[in-house]
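Here are my notes for someone opening this one up for the first time. Have a look at the picture, then read on.

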Amino acid sequence: MAGPRIAHATLKGPSVVKEIIIGTVLGLGAASFWKMHHWNEKKKIRTFYDFLEKGEISVVKEEE
């Protein structure tokens with residue numbers, strides 16, 4: 001007496017093209033966030049030195 005047949009999902013190997021696409025998308029996303037972070041840091045440094053040149057701020061403590 002044989003039991004009822006159950007359809008099982010067959011496991012396939014990894015899709016190389018799919019993995020390359022996913023890796024590329026994740027890499028570009030991480031790189032763009034990293035680049036934006038560096039642009040923001042560069043902007044902060046540039047504004048600091050601009051204010052320093054204009055004399056609006058000073059790094060020397062004023063004596064009282």
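The points below go from the overall chain to a few side chains and surface patches.

1. Start with the caveat: this is a predicted model. The secondary structure of the protein chain comes to one helix and zero strands. That helix, α1, covers residues 16-54, and several of the residues discussed below belong to it, including Lys 43 and Phe 48.

2. How much of the protein chain is buried? Buried residues make up 0% of its 64 residues. The chain exposes about 6900 Å², and carbon and sulfur atoms supply 63% of that area.

3. If you search the whole structure for salt bridges, you get one. Its partners are Glu 41 and Lys 44, whose side chains meet at 3.4 Å, N to O. In general, side chains of opposite charge can pair when their charged atoms come close. Glu 41 and Lys 44 sit three residues apart in helix α1, so about one helical turn separates them. Glu 41 is partly exposed, at 31% relative accessible area, while Lys 44 counts as exposed, at 52%.

4. Next, look at the positive charges. Lys 35, Lys 42, Lys 43 and Arg 46 form a positive patch on the surface. Take Lys 43 as one of its members: this residue is in helix α1, and its relative accessible area of 54% is over the 50% cut-off, so Lys 43 counts as exposed.

5. Aromatic pairs are quick to list, as a search of the whole structure finds one. The rings are those of Phe 48 and Tyr 49, with centres 5.2 Å apart and planes at 75°, so the pair is edge-to-face. The angle settles that label because planes over 60 degrees apart count as edge-to-face. Both partners are partly exposed: Phe 48 has a relative accessible area of 34% and Tyr 49 has 48%.

6. What kind of surface patch do Phe 48 and Tyr 49 help to form? The patch is nonpolar, and Ile 45, Phe 51, Ile 57, Val 59 and Val 60 belong to it as well. Together its residues have about 670 Å² of accessible area. Phe 48 is worth a second look: this residue lies in helix α1, has a ring in the edge-to-face pair and is a member of the nonpolar patch. At 34% relative accessibility, Phe 48 is above the 30% that patch residues must exceed, so this residue can be included.

Definitions and conventions
Residues numbered from 1 in each chain as written. Predicted model: local features only at pLDDT ≥ 70, side-chain atom pairs only at ≥ 80, totals over all residues. Heavy atoms only, no water. Patch = residues over 30% accessible without salt bridge, like charges linked within 9 Å, V, L, I, M, F, W, Y side chains within 5 Å. Areas by Shrake-Rupley, 256 points an atom, 1.4 Å probe, with all protein chains shown as cover. Salt bridge = Lys/Arg side-chain N within 4 Å of Asp/Glu carboxyl O. Lys, Arg positive; Asp, Glu negative; His and termini not counted. Charge placed at Lys NZ, Arg CZ, Asp CG, Glu CD. Helix = DSSP H or I, 4+ residues; strand = E, 2+ residues; numbered from the N terminus. Buried < 20%, exposed > 50% of the residue type's maximum accessible area, 1.4 Å probe, protein only. Phe/Tyr/Trp six-rings, centres within 6.5 Å; stacked < 30°, edge-to-face > 60°.
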